[in-house]
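Colleague: Could you take me through one part of this model up close? I'd like to hear about the enclosed spaces inside the protein, told in plain words for someone just starting out.

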Amino acid sequence: MSGAQPQDGTAYPLPVSERAASGLARAVWRGRQHVPGQLPGAAVLCLVFIPYALGHYLSCLLRTVNAILAPQLMAAAGLSPAELGLLTSAYFLAFALAQLPVGLVLDRYGPRRVQCAMLLVAALGTLAFAGSGTFAQMLAARTLMGLGLAGCFMAAVKAVSTWISPARLPSVQGYLIAAGGLGAASATLPVRLFLQYADWRWMFILLALGCVVVGALILLLAPTPPAAPPKRFDRRVLVDVYRHPAFRETAGLVLIPHTVFFGVQGLWIGRWLTDVGRYPEQSVAWLLYLGMAAVIFGAISVGMVTEWAAKRGYDAITVAGVGVALFIAVQCAIALNWQPGIAQLAVAFTLVGTITGIEYTIVAQAMPPALTGRASTCLNLLIFAGAFLVQAGFGQVVGLWQPDSANRYPPVAYSAAFGALVLLQLPGLAWFAWRRRRVGPRNTVESAF
């Protein structure tokens with residue numbers, strides 16, 4: 001056999017073909033090294049932004065697809081609102097549990113290798129979900145899916161922060177969030193159209209294949225910076241992240257609204273349109289599609305507005321404060337079940353809610369480059385743990401009321417759930433407004449930190 005060793009134990013070199021294959025495998029795994037700042041813009045777009053944005057696209061698609069599939073999933077496993085909320089929110093819980101380990105390996109091994117390996121895990125979970133037939137099986141598969149996709153956004157942020165200049169971060173991260181919005185939009189009307197020709201299980205099989213393909217693209221295309229000396233894990237680093245003034249101020253204002261945006265937009269806006277607005281499934285899919293299109297527009301607009309405001313002396317946290325106030329106002333109107341504007345409110349919820357993504361930009365600009373992975377994952381740990389509680393808790397509140405013969409829950413159930421969310425967000429906004437009035441305005445993003 002080619003390359004076999006003799007029985008006397010003498011070691012001979014591998015044949016040239018095997019050495020070449022081994023060297024190629026090592027080269028592919030290690031990637032092509034480049035110095036940050038020396039890649040041309042077109043190379044950054046094609047080799048960095050697009051591959052990682054595709055991963056974030058798939059993550060957001062799989063995170064929100066249950067909003068359209070809720071009737072099919074409830075019928076397939078006989079789910080109650082509480083079980084549906086728990087099943088869908090398991091994705092967020094898995095995200096939260098994976099954040100700190102993912103942040104550590106991102107800083108140690110880089111986003112390229114980490115993202116490729118995790119997308120293979122996501123493919124396995126997605127394929128398992130396609131074959132699930134019971135609530136327990138769906139829950140386990142959904143959790144594995146969330147674990148595999150837990151690094152998509154942080155890996156993209158880490159990569160973008162490495163290869164993009166800090167001045168361009170707000171706009172570029174806005175484009176990244178817009179790619180996620182496109183994924184969420186693909187989980188609405190396109191999924192509804194797909195279900196007219198094939199079963200939902202086939203859709204998850206195709207999405208599992210997509211995870212494998214995107215992982216391969218990242219492994220083959222994405223560059224790597226020169227290797228840095230490995231750093232030992234120190235829990236004090238995580239404590240320093242949580243104690244950083246920028247992190248605490250940003251989380252105090254935007255964290256709970258961000259969890260509400262993720263938790264509600266991914267499932268309960270669709271059920272609210274069905275139960276309170278009495279819209280048929282096709283109309284709900286269309287409105288959710290418009291809402292996700294609004295996410296794309298909103299994400300790009302947030303980056304542009306943030307840069308525009310900075311040139312006029314307003315920092316990013318001020319932009320976030322105005323956006324959070326508008327977001328809470330939209331939720332107040334939803335809690336009141338304002339009938340003439342239900343469709344408009346559903347779209348406005350996703351449009352205005354995109355402002356919450358600005359906290360990634362603020363934290364990334366405030367932290368040293370060596371800690372951007374850990375800072376993003378510390379933030380994500382809180383966001384996705386909160387989104388799990390919001391999504392599961394919302395279902396528990398709605399489930400306190402009895403459905404009618406068409407399995408629709410009364411408007412008062414949704415008013416109570418949205419009202420509770422508004423009460424959770426008001427203290428953070430009030431604290432920010434009081435503190436800003438007390439210390440006075442600041443001129444730049446950096447001056448806040």
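**Inside the cavities**

Modeller: Let's start with the second largest cavity, which holds about 80 Å³ of space. It is lined by 12 residues, and the ones closest to its centre are Ile177, Val302, Gly303, Ile358 and Thr361. Helix 8, helix 13 and helix 16 (358-366) are the elements that each give two or more residues to this lining. Sorted by class, the lining of the second largest cavity has 5 nonpolar residues, 7 polar ones and no charged ones. Keep in mind as we go that this is a predicted model.

Now for the wider search. Going over the whole structure turns up 5 cavities of 30 Å³ or more. The largest cavity has about 250 Å³ of space in it. Its lining is made of 23 residues, with His56, Cys60, Arg63, Ile177 and Phe262 closest to the centre. Did you spot Ile177 there? Ile177 is listed among the residues closest to the centre of the largest cavity, and it is listed for the second largest cavity too.

As for who builds the wall, helix 2 (41-64), helix 7 (152-163), helix 8 (169-186), helix 12 (245-275) and helix 13 (281-311) each put at least two residues into the lining of the largest cavity. Helix 8 and helix 13 are also on the list for the second largest cavity. The lining of the largest cavity splits into 13 nonpolar, 9 polar and 1 charged residue.

While we're looking inside, here's a single residue to click on: Gln99, which sits in helix 4 (residues 81-109). Gln99 counts as buried because its relative accessibility is 0%, and the cut-off for buried is under 20%. What does its side chain reach? The side chain of Gln99 gets to the backbone oxygen of Phe95, at 2.5 Å. Then look across to Phe384: Gln99 and Phe384 are 285 residues apart in sequence, yet their C-alpha atoms are 9.0 Å apart in space.

Zoom out and you can put these details in context. The protein chain has 18 helices and 0 strands. Of its 449 residues, 53% are buried. Among contacts with a separation of 6 or more, 84% are between residues 24 or more positions apart. On the outside, the accessible surface of the chain comes to about 19400 Å², with 68% of that belonging to carbon and sulfur atoms.

Definitions and conventions: Residues are numbered from 1 along each chain as its sequence is written. This is a predicted model: local features need pLDDT of at least 70, side-chain atom pairs count only at pLDDT 80 or more; totals for chains, interfaces and linings use all residues. Side-chain values use heavy atoms; hydrogens and water are left out. Helices (H or I, at least four residues) and strands (E, at least two) are DSSP runs, numbered from the N terminus. Buried means under 20% relative accessible area, exposed over 50%, partly exposed in between (1.4 Å probe, protein chains only). A polar contact is a pair of N or O atoms within 3.5 Å; within protein, one must be able to donate a hydrogen and the other to accept it, and residues adjacent in sequence count only if both atoms are side-chain atoms. On a 1 Å grid over the protein atoms alone, a cavity is a set of points where a 1.4 Å probe fits but cannot get out, and a pocket is an open set with protein on both sides within 12 Å along at least five of seven lines; lining residues have an atom within 4 Å of a point. Grid points are joined across faces, edges and corners, and a volume is the space filled by probe spheres set on the points. Ala, Val, Leu, Ile, Met, Phe, Trp, Tyr, Cys and Pro count as nonpolar, Asp, Glu, Lys and Arg as charged, and the others, Gly among them, as polar. Contact means heavy atoms within 4.5 Å. Accessible areas come from the Shrake-Rupley method with a 1.4 Å probe; for residues, only the protein chains shown count as cover.
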